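Subject: Structure for your files

Hello,

Here is the structure I said I would pass on. Please look it over before reading my notes underneath.

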Amino acid sequence: MTSFEKFRQQLAAGEVRDLAQVTIPEKAKSKQGHRSGIVTRAIAVAIDISVTIVVMLINYGLLWLFLLLIAPIHLFEMPEASWFFFAGFVLLWAYWTAAWALSGRTLGNHLMGLQVVDYKGKRLSWPLSALRSIFSMVFPIGLLWVVFSPTNRSIQDTILRTSVVHNWSVTLNDPFVRE
Amino acid sequence: MTTPGEQSDEGTGQEVVLVVNQVPSPRVGATNPISGLVGLAAGLVGAVASVIDHTVIAGVNAALDRVVPIAVNVVVDRIDLTQIVLDRVDIDAIVARANMDEIIDRLPMVDIANYIIDEIDLPKIIRESTGGIATDAVNAARLQSLSLDEFINKIADSIIFRRKGRKVESPASAYSEGDV
């Protein structure tokens, strides 16, 4: 049994290294920091896209309600669906850019325990993040290269020298949780 | 049924008669002067004995009050009481018989609990264990997709006859501390 005194000493001496590691399942501990495979990444992307779609649907509903209440009846007309598609595209681009630049994680990444890092293993800069984001959106099929890449990288990752790694503990590299 | 008022009226009207039996005192010896003297002498002796008794006891007590603490101090100074207790007393047995409930009742348990939570930084552990959201379900989903990843990688590797395996280690500092 560890007394408080002992625990404090160990913490001061750096023997108790990372409390977050305690809670990662044994099987996954050796995978931390490794580049992720296609399934995990695809699920993360699917989650992000789903969130965007839900947000756009809510926007659609709110706009409909707003027009119904405000606009004169003969002017009541919803914008074309393509506008919503475009708005959703921009929204997802902005979201991915901000998320990767700020914490390296989108909501989907959070759920799947992934983090996007650059070639040094640090968080992406804003320009790089924006570039990777737009690249991923106009060329989504590039993700499939993960299956055959010798380093588990998508086309985007290969060109921009980024990686998507497993990082199941939140504290590390996360500015929002850092003490 | 009577009201309290009526009851008090009746009470004043009642008479209480006390009947006392007068016991005749024995008059033995009253007429005999010798036996009276003997009784007197006996009483005197008893009184003197009592006074002496009290005086002696008080004196002895006073003496003991002074001597005993000094003597005990001298004795205790010469022996290692702690060691004797440790050697001879079964402390476990004493603790086993102690009433822990009463001790615990007197402890500030909430303060202690808060102290423990602060010391081990429980909120941090919870936060990190959950990864914000994670429950066992999230961990299970992550583990499953992890093994699916490996399964698909294995198939892809065998299709393109890759024998060396993949190099999936991340860039050097991806999973190190102090990385901002």
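Below is what was found, starting with chain B and then moving to chain A.

Please keep in mind that this is a predicted model.

Chain B has 8 helices and 0 strands, so read from the N terminus its elements run α-α-α-α-α-α-α-α. It holds 180 residues, and 12% of them count as buried. Its accessible surface is about 14,900 Å², with 63% of that belonging to carbon and sulfur atoms.

In chain A, I looked at one helix pair. Helix H5 (residues 81-102) packs against helix H7 (residues 126-138) at an angle of about 140°, and their axes lie 8 Å apart. Angles over 145 degrees would count as roughly antiparallel; H5(A) and H7(A) are therefore oblique to each other. Their crossing is right-handed. On the H5(A) side, the residues making the contact include A:Phe89, A:Trp93, A:Trp96 and A:Trp100. On the H7(A) side, A:Trp126, A:Arg132, A:Ile134 and A:Met137 are among them. By type, the residues of this contact divide into 13 nonpolar, 4 polar and 1 charged.

One residue of chain A is also worth a note. A:Ile24 sits in the loop between helix H2 (19-22) and helix H3 (26-29). Is A:Ile24 buried or exposed? Its relative accessible area is 5%, and the cut-off for buried is under 20%, so A:Ile24 is buried. A:Ile24 and A:Ser169 are 145 residues apart in sequence, while their C-alpha atoms are 7.4 Å apart in space.

Regards

Notes. Residues numbered from 1 in each chain as written. Chains lettered and ligands numbered in written order. Predicted model: local features only at pLDDT ≥ 70, side-chain atom pairs only at ≥ 80, totals over all residues. Heavy atoms only, no water. Helix = DSSP H or I, 4+ residues; strand = E, 2+ residues; numbered from the N terminus. Buried < 20%, exposed > 50% of the residue type's maximum accessible area, 1.4 Å probe, protein only. Areas by Shrake-Rupley, 256 points an atom, 1.4 Å probe, with all protein chains shown as cover. Axes fitted to C-alpha atoms, helices over the stretch in contact; angles between N-to-C directions. Parallel < 35°, antiparallel > 145°, perpendicular 65-115°, else oblique. Left-handed = near helix turned anticlockwise from the far one by under 90°. Contact = heavy atoms within 4.5 Å. Nonpolar A, V, L, I, M, F, W, Y, C, P; charged D, E, K, R; others polar.
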